[in-house]
Each structure stands twice: as structure tokens, then as C-alpha cells.
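Trainee: Could you take me through one small sheet in close-up, and then show me what surrounds the rings elsewhere in the chain? I'd like one connected story.

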Amino acid sequence: MAAAGRRRLLQAAPWRCGPRRGAAGCPPAEQVRAAFLRFFQERHGHRRLPSAPVRPRGDPSLLFVNAGMNQFKPIFLGTVHPRSELAQHRRVVNSQKCVRAGGKHNDLEDVGRDTYHHTFFEMLGNWSFGDYFKEEACSMAWELLTEVYEIPRDRLYVTYFGGDSLLGLSADEECKDVWLRLGVPASHVLPFPLKDNFWEMGDTGPCGPCTEIHYDHVGGGRNAAALVNKGSPDVVEIWNLVFMQYSREVEGNLLPLPQHHVDTGMGLERLVTVLQNKRSNYDTDLFTPILDAIHKGCGGPRYQGLVGDADVGCVNMAYRVVADHVRTLCVCITDGIYPGLSGAELVLRRILRRAVRFCSEVLHAPPGLLASLVPTVVEVLGNAYPELTKNEDQIMDIINENEAAFLSSLERGRRIIERTVQQMEPSTNFPAEVAWSLYANLGFPLDLIDLMLEEKGISLNSAAFNELALEDAKRKAGGPQAGQQDDTNMRLDVHSLAQLQSDNVPATDDSPKYAYRLGQHGQYEFSPCQATILMLYRGQSLQKEVGSGQRCGVILDRTNFYAEQGGQDSDQGYMMRLGQQDILFPVESVQLCGGYVIHEVTAVETLRAGDQVQLFVDEAKRLACMTNHTATHLLNFALRHVLGDNTEQRGSHVTAERLRFDFDTKGPVTVEQLQQVEQVVQDVIKQNEVVHMAEVPLTLAREVQGLRAVDEGYPDPVRIVSLGVPVESVLTRDSEAAMQTSVELCCGTHLLQTGAVEDLTIISERQLVKGISRVIAVTGGQAKQAREVGQCLAMEVDSVSLRMKQRSTSIPEMQNLSKEVGQLTKVVASTAMPQWQRKELQAILKALQRTANTAIRKLEIQQAEEKVQSLLAKHCNQPVIIDTVPADSLSILMKVVNQLCDKSPGTSVLLLSPQASGEVLCACQVSKNCLPVFSAADWAVAVCTQMEGKAGGSPIVAKGSGNAKDIQGALTTALEFAQSKL
């Protein structure tokens, strides 16, 4: 490679990073990253793509994006839509933000213990999708490392797949020969088995041999081949080149892929460590500014890079944990993952809390240190990922709020542990259920529980704790995924997709799904659709014929059925064979896979490729989905209008019954804002705006000012949906028409005019996690019904409120009112009604409950005072008072006992109160002068046992109950017990 080209790629004079050079000659990380991207873009014609967000797009198997290839999985699996941007890629390059914490790839607990594990890292990668393969991939990698980065060749070792006899796979001699031809010495080209040099996406799917490039930090002319893949810190892997050429089937066998791909990944942090002549990732300029900021913020000793026993007090480990975790927090929060209670959000909460613990307990830093590091992280990573700069203030706010909540939880958790230990018998295990509650509910770290118990000489019952964790995992696993197996069976596998394409089976023409119009009387008319069965799919194989009673996927040349996508449920309906009007084939669901629409059908008779069918969509369901999808666009527009332009959509789901919409928010939406949002929607409904739809080139669509689009792959051309403004108008250069209405990229089916929505009511609004709210809304008749229900409940609340103001002097009456308020509270919380009204009624009911409780307490005190006067007159100056009194509740009886003891300090009191039900209530209090000989708990137990009941309490006060069969015997027992103790 020419020196001029090298200089252009490096934006600086050539530099080396061999052992002879000092730090002054080493490139900054930003330059290393830029050189990689420019090398593949300018020299080898790769398309440069931005990093995908770390929140996975449409991949429930992942908590976080954990590799550069995640966003390209649809290409590897063959499911990519042929008209999408993704399908046009042949060779691409990028630097991908990755998080490995939770799930299969989990580095969380290792972070800080050594100098190279991270939860967040950057993956530099280049890809070929059916373009170049082994020779070009290896050649490019070698050129970049040795000519651009000028890494000494004698320090590099390459590995290749050495074969596997059990799988019948021979060694990858092709790859070995490529390296030898590039001039790598044979002693540096090493074979390794399946576990080291065969990469798999998962238990099934695309896979293949890989070749890794390793770097020897020591060098000096030695041969370090024996240290490769041996876990030595001196010889480390820096780049992995994966050659996807097989697919692992469900049965475990490997089949050749119809198209070969290249997927390479090189960790930026590890590469920069090599190029800056360091031995630790934390000593590079990706981390040193953050470590310096930590030192400045906590004022303790500087970071020295110590590990293990040399790291006294774990101070250096704390530096590494905090530096790593704050990077992860910045990237995740920016990409819409906030600390929360499940999935990726729960993992992020643990990361934040682990960082806070090390800040406060090891570094002794004041609260707020973690958030104060955010500007430094933005300074280090902001040029590569500008979205960090945009969200800096929000990141700091979320970290500070969560830190404050955790410090409060820590204090609560410590108190719970102290109290539990005090109540435990000596030399016992700490209760697993208490530890689990601390861990699962308060987010108390398990290692901190162990540490605190160890300090007290107590251990946790780990087996019981693990059992509780397993039960919790099983419960979560049995949730929403339970019914998904059948859907995946209807998704075309990579071989079937390749076969369809090689057989020139055309992608399904699904444009008839948009073929509907308004009839003369305003009703929707859906055009009929006739189609031909091209292929059937069953048991992961393409078939020409499927017998009666068998479930299968039907691939047609054209369809008017809407396949599930863009957050909208799929259509249902049925198909009929032409000429057989009496036999219906119900269509249960519809999936889109690689441009083919799969209709899930149970064949009531034999179905064959070539059969002519007529398709009938369930029009009522379709129309309900259209209504709710158009209403979703209205809602999106109204939320931005009321809450501000920074309100970004985070997800949505449209069904025939309701619509769900997730969005960014700085706090809970207020009652007034909910009312305003509904009003904006209703105004547009009343205006009966025309819904304009048109397909336009994707590049043109993205230039529309004010366009609403979510992070997902769109086909090209893409469909624009504009409310009230023709698509041509919003496409006009410098047009601001889209700023005043709803304009979105959307493949869904919509109403033709907004008036058909009729009404919209938000029936639920809650924060999923800090910063993201979810609303659920209903439309049309359901919205009207929700409003009517809301009015009825409001009248009931008014009625209770009026009766409460009349201030009854009867305790039973007030207790009934209190019970009624409690029941109404439950009904209001669970009934579909306007959310703004729910919040209003809940506030009123909460105040009413307080009023009722206060009134009951006052009446009980008043009633107790009357009974106390009577008892004092009857038992004047007695050391023990034992008697029966009428009392409506144990609460009143306890108040009588308390007041008696207050007015006669040296007296011990036990009172029984027979109830109409046949139960006898018991309450007692012992004078402090009689302790410890006389115990209230023992006294109550003796009396209630005589009445065949139970009791409990403390040495001073106790209560219980029994039956009224022998109340006189109980009074005698009470007296005899007291006399024996006094």
C-alpha cells in the first residue's frame, strides 16, 4: 500500500506501535477507529453504516446487541425483504456499539477483576453478503494490520479450523493456504478444533469455520505459537473472521448455505491497547480520561492498574468497574434502555447499582460522582456516536435519580438484614426468602448480602436461594413465549427461502391488501382477490401437496391478507378453491418472510400447488385494525403536540381491540395533559381529514421535515401516510406541512378518512421504566363505552363522598363506608375508563379513605373512653383488672386496655369481649413494674388456649381470640395466671 494512501487513512504521518516506540508515537483511539472505517470504505468499496442502537430491533432472543452481526441476521437467515435497504447490501463496514451483560454472553461479574473484560465495547467489523469470501477477507485484514496499522508481522499468529471427524468436517485447508500465500510463516498458521475455530449464531442457523488473528505483546523474535488460545495475557486474539457457509439444522446436522457470507469482528479496545503499546485496555485513551475524572471526583489514591491481592481494598477494581459501567449506562440510556425491573432494563439497573456501590463503598465518593462522569464519556465517544452528545443531560438526570433510589434501598435493606438477624435463633442460616426478597424487590446485590452476613458470622442458605431463583426463572419463561412455537414453524427456513429463489418462485404481490374504497353510503368495500397456490410449507420443508387435517403455510402469487408487521396484527379470514364454494380453508395468521407471505392454514381437504383460490379477509377485524392504526398516528401526533417535539415513539402495537403506544417522557403524564391529548385527537376526527397514502423512494421520504419514523428497516420505495395533507405537498422541498400534521413511514392499512375513528379514549398510562411511558387506547364504540362507565363510577364516588360528609356517629356505618371506598378503589383501578378520569377518581377515593379511617379512629377512641370510665369506677385502685366489655372490634378493645393502663399506671389489664358470632376477643397489657416475671404474651396465650383459640404479642401488650363456650373458665384462668406471677 502506498505511503500516501496510508497517510490519508491515518490522517497523520505513519506510526508504529512496536516495543521500541513510546506513547508519543501511538495513535489516539479516534484515529484508529476512523482508519478502519476509511480503509474498507475508500480502498475496498464497502458501504459505511452507522452503529445500530444497542436495543435489539425485532429480536426477542437478545437483551442487548452483543455483536456487530446482530443487525444483519435477516440477511444471514434469508428472511430480509427483497425491497428493503438491508437486502441491497453486498459489502459493508461499521463500528458497532455492543453490550455483553445478562443472557448467554455475560461479562458483568468479571468486569473490574481483570484489565480486559467490559460490559460495553465497540466492535469494528466488515461484512460480505454473497460477495467476497475467504481469500479477499484474509487479504484485507492482513493489509490493514500490517500496512496501515504497521503491526510487526512476526508478532501476528493466525488460526484456522482444524476439522471435526464427528461432524464429518475436514480441516479448512482453503483458509490455511490463503494465509500461507499472504506470506504468513507456516509456524504462525495454527489449526484448532471446533470450540475455538467454528462459529455458530445459536443452537440452529447459519454457522461456519472462522480464522482468528492473535497478537504477541512480548515479541522480540520469539515463537509464541504454544501460547495461542491458552488464556495467556501475553498472546491475545484481536480479530475474528467468520466464514458462514453452513446452516445447523434442528436435528444437529450441517447443510451448506445457498450463499456464503463473511462476518468479521475486532474489538476496538483491544486493538487500541496493541497500537498504543499498552498491556491493559484501561491504560488507553478510551479509559484514561474517565479514570482521571473518577480520581478528581473521589479524591482518593490514583488508579495504578493493580489486580488481585496486589489491589488492596479493591480500589483499582472499583476504578475499572465505574469507568466501564458509566460507558455502558451512557450508551444504553441514549438508545432507549433505562434502568428497570425486567429484561435488559433489569440488567442495566444492576449495572448502575454495582457502579454506585463501588463509588460509595470502595471509593468513598459523594453521591453524584457517577453522573458527573457523563460529560467525560461524551467527550471520549461523542464524535463517533453523536447521539450521546444530544442526550447528555437526560443521561445525567436518569443516573442521579436511580442512584438516589438505590442508596435509599441500600439503607432499607441493611435495616431488614439487621432486624432479621436479631430475630433469628443462634447459629442458623439466614432465611433464603428474605434474601430473595431483598435481591428481587429491592435490587440488593447478592454479593453484598453475602458480605454483610459474613461480617455477622452467618451464612445464606444458598441451595434454598437458588431454588427460589429457579422458580422465578421458570415462571418468567412460561410467560408470553408459551404459545410461540407454532408461529416459528411457519417461518421459512434459510434453505427453503433459497430454494424458492433458485426455482424463480416470485415474491408474493401483497399490494391487493391496500385495495379498498368507500362505498356510496360510507361503508368500506374490500376488493375480492383471486390467487394461485405456488408452494406449501410444512415441517420446515417446501411441499407441492398437503393432506387433509394438516397444518401448513400457503404461499400464493398474490394476496389481500395483511401479514403481521409494523406493529399491526395480521389479518384472519379464509380461502376457497375456485369451484368449491362449500369448503372453507380458515387462515389463522399471516407472516412475511423474505418477501413471501405465508398464510397459516389447517387443510380441511388436500391442498396442492397450482390450486386456484379466492381470498376473503375478515373485514370486521381488518376495519378495526385500520381504525386503530390510523388512531395510533393521531395519538403520536397529539402526544408530540402536547408534550413537545422531543417526544419520540419507542414502540406500538395495533390489534382489532385496542392500540398500545410507547414513548419517551420526562415524567408521568398529568391529568390535564391526557385531556389535552384526547382533545387534539378528537378535533382531527371531527375534521374528517383525508388520509393520504403513497409509495415514494426512501431517500426522498427521509428528507421530509417533521417526518415520524421509528428505528426499523423500511422497504424501498416506502409508503408514506399523511393526515390531511397530500403526500406531494409534504415532499416539496423546504415544505413545513409535515410539521403541522401527522406524517409517518408506515406499511400498515389505514382508514381513508379520520372521521371513521369516531372517538378515542386513553384507558391506561403508566411508566414502563424511568423515561418511557406506555398508553393504551380504545376507539369508536369501545371509547364511548369507556366514557359512559367513567361517568357511572364518578356518580358512585360522588354518592359516597356525600354520605361521608354527613359524618355518621356509628362505627359500623363508617366501617361500611370505608369498605365501600375500598371496593370502589379496586373497581376504578381495573375498569376500562378514561385514564384522566381514573386518576381524578383515585385521588378523591384516597382522600375519602383517609377521612373514613380518621373518623373510625376518633369514634373508637371516644367509645373506648366511655368504657374506661365505667371500668375505673368498677375496679378502683386494683393492681389487676380482668373483665368483659362490649366492643365492636379488637381495635376498640385494645384502645380500652391502653387507656386503662394510661390512667392507672401500675395496673395490669386483661379484657374479653364476646361477639355475636360466638367469637371472644382478648386484649391485655402488663404494667412495666411487673416485667420480666409477668408477660402479656404468656397471659394472652394461657387465656386464649383455654378458649380453644390463639394469641400473640410482646411482653407488654398482646391480643388474641377464642370461642365463647367457657368464658367464665377463661376469666378464672386469667385471674389465676396473674396471681401466680404477682
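Trainee: Which residue stands opposite I720 in β25?

Mentor: It's L745 that stands opposite I720 in β25. Before we go on, keep in mind that this is a predicted model, where local features need pLDDT of at least 70, side-chain atom pairs count only at pLDDT 80 or more, and totals for chains, interfaces and linings use all residues. Residues are numbered from 1 along each chain as its sequence is written, and side-chain values use heavy atoms, with hydrogens and water left out.

Back to your strands. β24 (residues 718-723) and β25 run antiparallel and are joined by 3 bridges; two strands pair if DSSP finds at least two bridges between them. Helices (H or I, at least four residues) and strands (E, at least two) are DSSP runs, numbered from the N terminus. Zoom out and you get an open sheet of 3 strands in the order β23-β24-β25, with antiparallel pairing. β23 (691-696) and β25 (743-745) stand at the edges with a single partner strand each, so one side of each has no neighbour in the sheet. On average, neighbouring strands here are turned by 20 degrees against each other, direction ignored. Helix α20 (residues 619-643) packs on this sheet and touches β23, β24 and β25, contact being heavy atoms within 4.5 Å. The direction of α20 makes about 70 degrees with that of β24; axes are lines fitted to C-alpha atoms, for helices over the stretch in contact, and angles run from 0 to 180 degrees between N-to-C directions.

Now for those rings. The charged end of R719 sits over the ring of Y514, 3.5 Å from its centre; that label needs NZ of Lys or CZ of Arg within 6 Å of the ring centre and within 35 degrees of the ring normal. R357 does likewise over F358, at 5.9 Å from the ring centre.

As for rings paired with rings, the structure holds 22 aromatic pairs (Phe, Tyr or Trp, taking the six-membered ring of Trp, with centres within 6.5 Å; planes under 30 degrees apart are stacked, over 60 edge-to-face, the rest tilted). One of them is F40 with W239, edge-to-face at 6.4 Å centre to centre and 90 degrees between the planes. F40 belongs to helix α2 (residues 29-43) and W239 to strand β8 (residues 235-248), so this pair ties together parts 199 residues apart in sequence. Both F40 and W239 are buried (under 20% relative accessible area; exposed is over 50%, partly exposed in between, with a 1.4 Å probe and protein chains only). They also form one aromatic cluster with F36 and F39.
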